[in-house]
Structure formats: C-alpha cells, structure tokens
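Reader: I've got a fold to go through and I'd like to talk it over. Can you put it up so we can both look?

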Amino acid sequence: HLLISGKSGQGKTYFMQCLLLDKSRQGISSIIIDYTEGFLPNQLEPEFVEQLGDRLKQRIVYTQKLPINPFARTIRTIGNLELQESDTDIAERVKSVFAAVYTTLGIQQLNTIYERILVGLERYDSKMDLLRLKELLEEDGSNTALKTLSQIRPLIDRNPFTSEETIDWKELIEKRGDVFVIQLTGYPRDVQLIITEFILWDLWNFSVRHGNKFAPMPVVMDEAQNLDHTEEAPSARILTEGRKFGWSAWFATQFLKSQMSPSELARLQNASQKVYFAQSEEDVSYIANSLVNEVGDRRYWEDKLLNLRKGQCIVHGPQLEANGKLSQPKTVIVDISPLSERN
C-alpha cells in the first residue's frame with residue numbers, strides 16, 4: 001500500500017500520474033475512484049493524457065450509472081474461513097456506510113434503516129436496492145422512518161446504481177495497462193462518498209474471491225481523509241488484510257492527525273511506502289516522530305517537512321537493491337522526475 005500526504009498544490013496528484021503512467025507501461029492496470037474531480041481529463045497533465053491515449057478510460061457515473069448492488073452478499077473472512085454474509089451482516093454494513101457519511105442520523109434512525117433493510121432482504125433477496133429501501137421506509141410510516149428518508153433522499157433520488165449489468169473488475173484489471181477512472185463528478189459530496197464506500201465494498205468482495213497477491217491491483221483514492229477509516233470500514237480491511245488479496249491501495253490526503261483518530265492513523269501506517277510532501281504545521285510533528293528512528297532527530301525532519309519544494313518529497317519505505325531484493329525501510333528525500341523525462 002501507498003500513503004501520500006502533503007498540503008494542497010505540492011505535487012501529490014502529479015506524482016500519482018507519474019506512477020500511474022509508469023505502471024501502465026509495465027502492463028499493470030489501475031483503478032481510480034475520483035470524487036475530487038482531480039482526474040477529469042481537463043485537470044490531468046497533457047503529457048499524461050497524451051501518452052496514455054486510449055488506455056485512459058473514464059466512466060461518468062452521473063450519466064452511465066454504476067453496475068454494482070450495495071445490498072449484494074459479500075464474502076467475510078474469519079481466520080482462514082470465507083463465509084457469505086448473512087442478512088444481518090448486510091444490513092449492518094449498509095447502515096454503517098450511512099452512519100459514516102450522514103453524521104446527523106441518530107441511533108433510532110440508523111436502527112430503522114437496519115430493520116427495513118432486513119425486511120427488504122427477506123422480501124426481495126438479491127433484488128433489494130435503494131428504491132426498495134425508499135418504499136420500505138414509506139411503508140413503515142413512522143415519524144422516525146419518514147425523517148430518515150428525508151435525510152437520505154439525495155442519494156436515493158439520484159439512484160446512481162444499476163442492476164442491469166455487473167461490473168467486471170477482473171476484466172478491468174487484466175486490461176494490461178489501462179487507467180480506469182470511476183468519475184463521480186456532478187454529485188453532492190455526501191453522495192460521492194457513499195458511492196465510494198459501496199465501490200470499495202464491491203471491490204473488496206471481488207478481491208476476496210479472485211484477488212492474487214502476485215498480480216497487484218492499484219486502487220487510487222485521493223482526499224482519503226474524507227473516507228471512513230473505522231474498524232469495520234472497507235478501508236480498514238484493505239489496510240490490514242488487503243495485501244494477501246492483491247490490493248495495492250493508494251491513499252492520498254492533505255491531512256493526517258488533524259482529521260483522523262489515533263486508531264485510524266495506526267491503520268494507515270500499514271502502508272509500507274509513505275510519501276510525504278510539504279506538510280501543514282498540524283501534521284509536521286506527527287510525521288517527524290515517525291521518521292526519527294531512521295536518520296536525524298525530530299527537529300531535523302520537522303525542518304525538512306516544512307521546507308520541501310514543490311515536487312519534492314520524503315519517501316519512507318523499502319528500496320530495491322542491486323541484488324534485486326528489497327531493503328529494510330529507508331528514508332530519503334526525492335525530486336519527482338517530470339512526466340516528459342520518464343520513459
């Protein structure tokens with residue numbers, strides 16, 4: 001996994017484009033979940049767009065919808081066992097996504113969502129969807145149910161998912177060098193985040209069944225501080241268990257300590273490669289403390305983090321040695337090579 005952090009405008013997105021282009025040239029496909037509009041064609045570097053050519057794919061969910069089912073039965077891993085989710089698991093998972101994004105929903109409202117999903121799964125099974133959740137809340141008719149529906153209507157009315165087809169993640173990954181952007185532009189931020197969480201759950205389910213640790217699946221999430229990183233969220237599972245299922249998750253963020261809890265930060269530290277661009281003052285001490293076991297003291301790294309130039313970063317992680325093996329984690333300052341010089 002890869003953790004990329006730094007203030008806005010310091011080169012994070014440019015750096016990711018460099019890596020994506022390098023991977024494409026090696027025949028490795030990538031998936032980008034773009035709810036920041038940073039990967040719209042007119043926001044990308046011209047050299048990146050030109051060199052990728054028709055290997056750059058964009059699916060505009062606003063017009064094409066997304067062929068996944070948030071209520072699909074995923075696979076749970078417990079030790080070495082793989083178990084299908086029960087109705088209770090599905091209802092709890094969907095409820096937790098709503099709770100993470102719609103923070104104004106109270107306990108009674110979240111319990112109502114949970115209970116109506118259980119009714120829907122018993123009634124409709126695999127055909128359960130957001131529109132049926134709306135009908136079930138209206139059928140309940142209580143003040144709590146109707147108030148809940150009014151708060152989640154922005155998502156349900158837009159209904160960004162379609163069951164007419166099923167997205168084939170395996171086909172996308174095996175395209176040998178495509179950069180596939182799931183573009184969420186046009187939606188309000190809360191709807192974008194809910195779609196993102198459901199995409200991650202669908203990808204997680206795919207990876208548990210079909211992932212291969214010898215065939216990496218880079219999945220890029222910019223502005224990752226806005227995602228749910230709590231213990232039961234998909235990002236937590238990806239960070240703690242994902243590598244054995246072929247995940248190479250790239251979490252890019254402007255903020256760390258100022259917007260995440262200690263447990264969430266600890267999970268992000270599971271990323272074996274960390275790339276730090278110039279930092280906000282709130283995060284400098286936290287990051288410097290994580291680097292002091294290498295070279296120099298805390299103040300040395302604080303000074304470096306505050307004074308990195310645009311396009312310059314501190315990389316912490318294993319490095320490829322002359323014998324073809326990876327070293328123990330090292331910390332080095334790196335100047336990002338321009339796209340025009342990468343071949």
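Author: Before we start, one term: a residue is called buried when its relative accessible area is under 20%, and exposed when that is over 50%. Keep in mind that this is a predicted model.

Reader: Fine. Then are Phe98 and Tyr102 buried or exposed?

Author: Their two rings form a stacked aromatic pair, with 6.2 Å from centre to centre and 20 degrees between the planes. The cut-off to apply is under 20% relative accessible area. By that test, Phe98 and Tyr102 are both buried.

Reader: And what kind of aromatic pair do Trp204 and Phe245 form?

Author: Both residues are buried. Their ring centres lie 5.4 Å apart, and the planes make an angle of 90 degrees. Planes over 60 degrees apart count as edge-to-face. So the Trp204 and Phe245 pair goes down as edge-to-face.

Reader: How many residues apart in sequence are the parts which that pair ties together?

Author: Trp204 belongs to helix H9 (residues 189–210). Phe245 is in the loop between helix H10 (234–241) and S8, so the parts tied together are apart in sequence by 41 residues.

Reader: On to the sheet. Which strands stand at its edges?

Author: The open sheet has 9 strands with mixed pairing, in the order S3-S6-S2-S7-S8-S1-S9-S10-S11. An edge strand has a single partner, so one of its sides is left without a neighbour in the sheet. That describes strands S3 (56–60) and S11 (330–335).

Reader: Inside the sheet, which residue of S7 is the bridge partner of Ile32?

Author: Strand S2 (residues 30–34) runs parallel to strand S7 (residues 217–221), and 3 bridges join them. Across from Ile32, the partner in S7 is Val220.

Reader: Which strands does helix H13 lie across?

Author: H13 covers residues 298–306. Its direction is about 135 degrees to that of S10. The strands it lies across are S9, S10 (312–317) and S11.

Reader: Over which ring does the charged end of Arg132 sit?

Author: There are two such cases to look at. The charged end of Lys95 is 5.5 Å from the centre of the Tyr114 ring, sitting over it. For Arg132 the distance to the ring centre is 4.6 Å, and the ring belongs to Tyr124.

Reader: Last one: what is the radius of gyration of the whole protein?

Author: The protein has 13 helices and 11 strands, and 51% of its 343 residues count as buried. The globule rule gives 20 Å for 343 residues, and the computed value is close to that, so the protein is as compact as a globular protein of that length. The radius of gyration is 21 Å.

Note on methods: Residues are numbered from 1 along each chain as its sequence is written. This is a predicted model: local features need pLDDT of at least 70, side-chain atom pairs count only at pLDDT 80 or more; totals for chains, interfaces and linings use all residues. Side-chain values use heavy atoms; hydrogens and water are left out. Two strands pair if DSSP finds at least two bridges between them. Helices (H or I, at least four residues) and strands (E, at least two) are DSSP runs, numbered from the N terminus. Contact means heavy atoms within 4.5 Å. Axes are lines fitted to C-alpha atoms, for helices over the stretch in contact, and angles run from 0 to 180 degrees between N-to-C directions. Rings of Phe, Tyr and Trp (its six-membered ring) pair if their centres lie within 6.5 Å; planes under 30 degrees apart count as stacked, over 60 as edge-to-face and the rest as tilted. Buried means under 20% relative accessible area, exposed over 50%, partly exposed in between (1.4 Å probe, protein chains only). A charge sits over a ring if NZ of Lys or CZ of Arg is within 6 Å of the ring centre and within 35 degrees of the ring normal. The radius of gyration is taken over C-alpha atoms; the globule rule is 2.2 Å times the number of residues to the power 0.38.
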